[in-house]
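Visitor: I should like to be guided through this structure by question and answer. Please begin with a single residue and then widen the view.

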Amino acid sequence: MNNIFIRLSPMVVAALFFIGCSNIKYLPEGENLYVKGEVKIDTDTIPDRYIAPLTTNLEDLLRPKPNTTILGMRPQLYLYNIAGEPKSDRGFRNWLKNKVGQPPVLLSDVNREYNENILRNRLENLGFFNAQVASDTTIENRKATVTYTATPHIIYRINSVTFEVDSSELGKAIKATEPESLLQPGRPYSLDNIIAERERIDWAIKNAGYYYFSPDHLIVEVDSTGKDHHVDLFVKVKEETPAKAKQPYYINNIYIYPNYKLTESGYQRADSTQAERYRGYYIIDPEHTFRRFALANAIIFYPGELYTRGDQSRTLRQLVGMGNFSFVRNEFVDVDSGKTNRLDAYYYLTPMPKRGLRTELLGKTAAVYNGSEINVNWQHRNAFKSAELLTFTVFGGFETQTGGNVNLNSSFYRYGAEVSLSFPRMIAPFNWQPTRKYVPRSIFQVGYEYLNRRTAYSLNSMRFSFGYQWQESIEKNHDLKVLEVAYVQPRNITESYQAMLDTVPPLRHAIEPMFTFGPLYNYTRTNTTNAELKHTYYIKGGLDLSANLYGIIRGANARKGRQYQILDAYFSQYVKMEADFRHYMKLGANATLASRAMAGFGYSYGNSTQLPYVKQFFMGGPNGLRAFRARALGPGSYTPEFYGEDNFFADQTGDIKFELNTEYRAKLASIIHWAAFIDAGNIWLQHSDPNKPGAAFSRHFINEMAVGAGLGLRFDLSFLILRTDLAMPLRIPYRPKGERWVLDEINFRNSDWRRNNLVFNLAIGYPF
């Protein structure tokens, strides 16, 4: 392998050199290829930590952009050049040149004076009123770089902010917003902040009923005379502001068109003379496609109320969130041509197709396991004319082990079906409305799955749940299953698997009948959608309860022989809690430090001594501790045992989990990114198990943490991210004390070490 690499390296270098030279030879006579535009900040008045962000900000403004490069090459320019001149508007050569290729960006295309003015203007908008910008060009081997030297001088700061408004109702409303102003004395002058301030005031004023008010009706005057690099700002309403923008408006009539159809001649709406009045609204739905209460519940406005932008936004969000309309459009119309301060509201709703069928074929990969799955999903929107969504899904798939030690449990196929009915409202015996900002959902689900591990056993699983999902804000989500019931029964246990149960006791837990019932709640909070923040986070917490009250009433105590069954299965009695915290810190435009801390705790009592197998935690795999195979680590310091000729090992699960991860992510070139990571964690059992020495959780759990590290590549294809990770263990918890750190054993040149320690993971998406 090394000899091949040595022979290929000169060829690769030569090829890269040839591509680079080829682009130059195609240039017109006297022209140079524009390869870079850069900005240098010449100042001693700006702290060093602000120089790099300011430089990036200014360089983004330079035009034109040079040809796209990948690892220093310009492949699109090369393809453009070798395509030559197409003989027609069709064909491969035309496609290669005009669709794939990229024409050369020449130095003559660069207008230095224009860029200088753009940079100077941007610096002035940031408060550097006396900024100077000069430029220079360097050419080497017909490749040109233009360097812009910016001298910002001293930044101007805000001295005072005055809201100069009259005593009218509009003036009072604007004055009332002053405490939340974005313009504060002492802060640097910024045109962006002034624009944002106008928009902030506009939002507040529209929320007070001033429908026709606009940010353009505001002006912020700047006075820098006689000040030592300071400015005074004066917020005013323009004198030419029209009268109707100065008065609040009220809602008159509300018209709802739930069948606003798109035809060849454009949109078509039903005749408003066919309107039915319901709870103060006029609903024009002659075909009765929707129940009236479902539409009325989505409208926040009510006739006679003051118009507010907040209510308008919530109404549109409610209508879109119903999930039954492909387009939602509305308009407000003056009553009596503006002679009164009243508005008629019109909502035009274009329904989605009532029924839809979707088929998905998925490829699945994780560590050494690969497989495929097909899902057929049929949906019926507005199933009972109240915007319900009825979904029927059938699925089937298989997974097989394609590497590593053979595991008796690894190969399987499964199939099943699920029926879901979702209501865009809270269905409860009492009036409960957690929010009107977003559409809450009540969801019923019933499902069945058959799992066949061909050489081991098969499982029949049935489940039912009823619960609610609602969004409290753009950052907060709630998922409450008031009742979730799961029932699992094993079937067709093979002789080979049965023979293993006596020598591998943990295998018995995987095929135990299971019956769980109780509530389940998950809370999620995140601000990762805000791309402007340097620090973002994701928090998820969950609580899972099963048969707690029922077990107490029955007086269940498995340790004393009082254990009860439901449908030939011992019901599970436990409390399970999980927490997942993630933090993302931007280290630049193309670099991020991502970290995660996870903890899980399961407490079984009464009718149970441990969590059900499907509810237990596991460690390892492509989304966890990547230096260890999925389910191949723990619990605690227990040493996984291999059995039989096939080196079979049982999946390792636990009742308690703790995991830490941190990963540095950065862009290499184009769609290629890389990462360096380190993971730590383990699982433990709640109680001691004589078959698994060292598996119980104790106060010495830190000494039983596994540690792994590695490198990875990510290929960002926009519609998905393909991830490859190569990891190795740094600390192995089941080794004797004092020998768990294995840093001194690392030997990449040894084939046996590589085979036993390097773990390759192929997955879709980021691990966290």
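Guide: T592 belongs to strand β26, which spans residues 591-604; strands (E, at least two residues) and helices (H or I, at least four residues) are DSSP runs, numbered from the N terminus. This is a predicted model, in which local features need pLDDT of at least 70, side-chain atom pairs count only at pLDDT 80 or more, and totals for chains, interfaces and linings use all residues. Residues are numbered from 1 along each chain as its sequence is written, and side-chain values use heavy atoms, with hydrogens and water left out.

Visitor: What is the relative accessible area of T592?

Guide: Buried means under 20% relative accessible area, exposed over 50%, and partly exposed in between (1.4 Å probe, protein chains only). T592 counts as partly exposed because its value is 23%.

Visitor: Which residues is T592 in contact with, leaving aside its neighbours within four places in sequence?

Guide: Contact means heavy atoms within 4.5 Å. With those neighbours set aside, the partners of T592 are Y584, M585, L587, E663, Y664 and R665.

Visitor: How are the axes of α7 and α9 disposed to each other, roughly parallel or roughly perpendicular?

Guide: Axes are lines fitted to C-alpha atoms, for helices over the stretch in contact, and angles run from 0 to 180 degrees between N-to-C directions. Helix α7 (residues 191-206) and helix α9 (residues 309-321) have axes that come within 7 Å and cross at roughly 85°. Angles under 35 degrees count as roughly parallel, over 145 as roughly antiparallel, 65 to 115 as roughly perpendicular and the rest as oblique. The two helices, α7 and α9, are therefore roughly perpendicular.

Visitor: Which residues of α7 and α9 make the contact?

Guide: Both helices contribute to the contact. From α7 come D202, W203 and K206, and from α9 come R309, G310 and S313.

Visitor: In what order do the three strands of the open sheet lie?

Guide: Two strands pair if DSSP finds at least two bridges between them. β1 pairs with β3 (residues 143-151) in the parallel sense over eight bridges, and the pairing in the sheet is mixed. The order is β1-β3-β2.

Visitor: Which are the edge strands?

Guide: Each edge strand pairs on one side only. They are β1 (33-41) and β2 (132-140).

Visitor: How many helices and strands has the chain, and what share of its residues count as buried?

Guide: The chain has 13 helices and 31 strands. Of its 768 residues, the buried share is 44%.
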